[in-house]
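Reader: I would like a close look at one metal site in this model and at the stretch of chain around it. Please go through the site and then its surroundings.

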Amino acid sequence: MIFKRLIAIVAAAAALWSCGGAGNRVQTIEGETITSPDGHLKLVFALAQDGTPMYSLDKDSLKVVLPSKLGFALFDNGGDLQTGFTVKEVTRDSFDEVWEPVWGEEAQIRNHYNELLVALGREDGTAMNLRFRLYDDGLGFRYEFPVENKLTYFSVKEELTEFAMTGDHTAWWIPGDYDTQEYNYTESRLSEVRGKYEGMRIHNASAEGFSPTGVQTALQLKTDDGLYLNIHEAEVVDYPTTNLELDDKNFVFRTWLTPDAEGVKGRLQAPCKTPWRTVMVVEKAVDVLASRLILNLNEPCAIEDVSWIHPVKYMGVWWEMITGKSAWSYTDDYPSVQLGVTDYSKAKPHGRHGANNENVRRHIDFAAENGFDAILVEGWNEGWEDWYGHKKDFVFDFQTPYPDFDIAALNEYAHSKGIRLVMHHETSSSTLNYERFIEPAYDLMNKYGYNSVKSGYVGDIIPYGEHHYSQPLINHYLLCIKKAAEHHIMVNAHEAVRPTGLCRTWPNLIGNEAAMGTEYRAGIHAGHATVLPFTRLQGGPMDYTPGIFEMDMSRIVPTEHGKMQMTIANQLGIYVTFYSPLQMAADFPEHYQRFMDAFQFIKDVAVDWDKSVYLDAEPGAYIVTARHPKLASLNKAQESVATLKDGKKNAVSGAAKYVYALPENATTADLARAKARDVWYVGGVNDENAREVLVAFDFLKPGVNYEADIYLDGDDADYEIAPQSYKIEKRTLTSADSLTVRMARGGGFAISLRELL
Ligand code: NOJ
Ligand code: CA
């Protein structure tokens, strides 16, 4: 073992101490270094005079993270797990591999980094290692506690990881919170967070902030030097999710973990490791979108047979409940209901129950006619009469349908049309209750042929006092994902923790909400969708539920006011901008029937890709993306229904039919011919300022003509005045072409391109 003590070099000269934004902070440390594979990023690790571990990060000549402290405050062992360390051993490694995600933005992902592992120890036998991985686009580091350790069981009071910024950067942030991520994004300088914080907090069924300068991961930043930084976390397992607490005098962030019901911010037992802390550093905004840092830091796929996992394009009996047109509940007779006690057969239906046989069949028909894979049905099960606001433990059993939802017949009908029903498990945040019933609930899904579940966590968590992002809840969400995998069930969890790349390991986690989604209707600011791919989507796909064509809520329910702040072309653009293997067309069939030519794009667009090109972007302003569909995944959803029906296969799947513009009676031979054609999709989303973007098509195959369907904001389109104004143009384009596209206020655009044969 090499015994070394690394001392932070605090050169006596005052020049090394900033008098500017970074306050009285040491500017440089010297110690162990690694560089990124391309040599541009440099990580330095050193121990301060008192044995506190520190790190800094530079990009070429620019400082990115000033020397920042690492360590913990504990409830036990004397409290201090920060000072008094010496370096026991330093190990370097490098790694370069290409892996293939089960679904994703590209077929192959390169995982290429240089690694520094620093084993730290104290005289009393306490051991703590720091593992740093430096990529071309950023840094990941984590704490590891080896088994040979004086520390065995310990409880975290605070994780003291710092990220010292070099100045008053621009940030795109949402308020820090232990229970919700459902906030609009704000763009401001770091020094302005405190002043804007209160204004950004909105009501949510469960919310708990902790500081007027607390913000959430993933945090997008831009420096005055033009660097784009992103602070996030990867592989949050058996550990709470962190917020970032900003010292807004010195522009230093510190991890602020979510406490459990007893105020403990992590109960650890060696050997163990924390999640990765990540700092992305890139020169262009599009490179944030192209980064695979978070996925790369997660473990490879843990599921051996992934043949049952597939992308899903779905519709739902859902928007009608969200808009208030219908209800999740069945009756007004019983304002209070109890599992196994309430007899619904005696109840008078109130007539507004959305999940009734006839309505579900109507949705199945429309979805089947238009090439979708699945229909989500919420409010199918007993218990919705008092599901919310009472902190009930035994709220649902996830197994007993309402009298007007014939679970066997509806699934059979759906399967006969090549559609799967999507199960819905609103837990009402009683995780105790969900774990109580999860086995029989998943068995029921297997029995009737459901292969995906949308779960939800509305309200305060039971066990009482827990938070949505505390360690026990992190463990709960993963338990559900693992159990679902055993049952070959894909998961889309709403209100659960924001993803941190676990979908690499558990690709049956095909979606999460974990941000403000379309359900907020008029409450979503125009431009929100131009931030999410930089922040929330860094950790994994989002079930944003786009595709709203009727923005005026009063046209659905006269007493509802408010107009959604986007245009139809914006909604189309989201299908390409937001990567998700699970995409919803959220609006009503009757709204799509009014605009079938625009709806065509939603029918056509693929949801899984082998190549993505991020053409142009600026957080909070606009994003333009081009994507190439992954052919292998196009038939998978339909094949899964076919397998269910004893191998009786539809010749060509709905999705493939539309992607390749095949006729209804197309054969697999037609599909094979069509697949020889190259297909691309381009999408743009915009904020509240009208703008023009130049789209160069140099990503297309050279020398080939493509027929392009171009869906644009109409000349008078504007989210406030004319949200439904759009126009569709047809053109022939080649890789030598470029188009100037105008996006309206709250607007966007979408293009599908097919090689002309
Ligand atoms: C909140 C979810 O985000 C929404 O999609 C769902 O419909 C409701 N909870 C009811 O479960
Ligand atoms: Ca929600």
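Author: The model is predicted. A good starting point is Glu 495, which lies in the loop between strand E27 (490-493) and strand E28 (509-512). Glu 495 is not a glycine, yet its phi is positive, at about 65°. With a relative accessible area of 14%, Glu 495 is buried, because the cut-off for that class is under 20%.

The side chain of Glu 495 is one of those that coordinate the calcium ion (ligand 2). The ion is also coordinated through OE atoms of Glu 182, Glu 513 and Glu 519, and Glu 513 is listed with two OE entries. The distances run from 2.2 to 2.6 Å. Around the calcium ion (ligand 2) there are 6 donor atoms, and the angles they subtend range from 53 to 163°, so the arrangement is irregular. For reference, ideal angles for six octahedral donors are 90 or 180 degrees.

Along the chain, the donors of the calcium ion (ligand 2) follow the spacing E-x312-E-x17-E-x5-E. Distant parts of the chain are linked in this way: Glu 182 sits in the loop between strand E13 (170-173) and strand E14 (186-189), while Glu 513 sits in the loop between E28 and H9, 331 residues apart. Both Glu 182 and Glu 513 are buried.

Next to consider is the loop that holds Glu 513. Ala 514 is found in the loop between E28 and helix H9 (568-577). Ala 514 has a positive phi of about 60° and is not a glycine. Its relative accessibility is 3%, so Ala 514 counts as buried.

The loop between E28 and H9 also contains a salt bridge with both partners inside it: Arg 521 and Glu 560 both lie there, so the pair ties together parts that are 39 residues apart in sequence. The closest N and O atoms of Arg 521 and Glu 560 are 3.9 Å apart, and the cut-off for a salt bridge is 4 Å. Arg 521 counts as buried at 19% relative accessibility, whereas Glu 560 counts as partly exposed at 25%.

Another salt bridge is formed by the side chains of Asp 552 and Arg 555, at 3.9 Å from N to O. Here Asp 552 is buried, with a relative accessible area of 14%, and Arg 555 is exposed, with 52%. Elsewhere, Glu 105, Glu 106, Arg 292 and Arg 627 are joined into one network by salt bridges that share partners. A search of the whole structure finds 49 salt bridges.

For comparison, a further pair consists of Lys 346 and Asp 343, whose closest N and O atoms are 2.9 Å apart. Lys 346 counts as exposed at 66% relative accessibility, and Asp 343 is partly exposed at 32%.

Another buried glutamate can be set beside those at the ion. Glu 162, in strand E12 (residues 162-164), counts as buried at 12% relative accessibility. The side chain of Glu 162 makes a polar contact of 3.1 Å with the side chain of Arg 25. Beyond residues up to four places away in sequence, Glu 162 touches Arg 25, Tyr 55, Ser 68, Lys 69, Val 252, Phe 253 and Arg 254.

Definitions and conventions: Residues are numbered from 1 along each chain as its sequence is written. Chains are lettered from A and ligands numbered from 1 in the order in which they are written. This is a predicted model: local features need pLDDT of at least 70, side-chain atom pairs count only at pLDDT 80 or more; totals for chains, interfaces and linings use all residues. Side-chain values use heavy atoms; hydrogens and water are left out. Helices (H or I, at least four residues) and strands (E, at least two) are DSSP runs, numbered from the N terminus. Buried means under 20% relative accessible area, exposed over 50%, partly exposed in between (1.4 Å probe, protein chains only). A polar contact is a pair of N or O atoms within 3.5 Å; within protein, one must be able to donate a hydrogen and the other to accept it, and residues adjacent in sequence count only if both atoms are side-chain atoms. Contact means heavy atoms within 4.5 Å. Donors are N, O and S atoms within 2.8 Å of the metal (3.2 Å for Na, K and Ca); water is not among the atoms, so sites may look incomplete. Four donors count as tetrahedral if all angles lie between 85 and 135 degrees; four count as square planar and six as octahedral if opposite donors are over 155 degrees apart and all others between 65 and 115; anything else is irregular.
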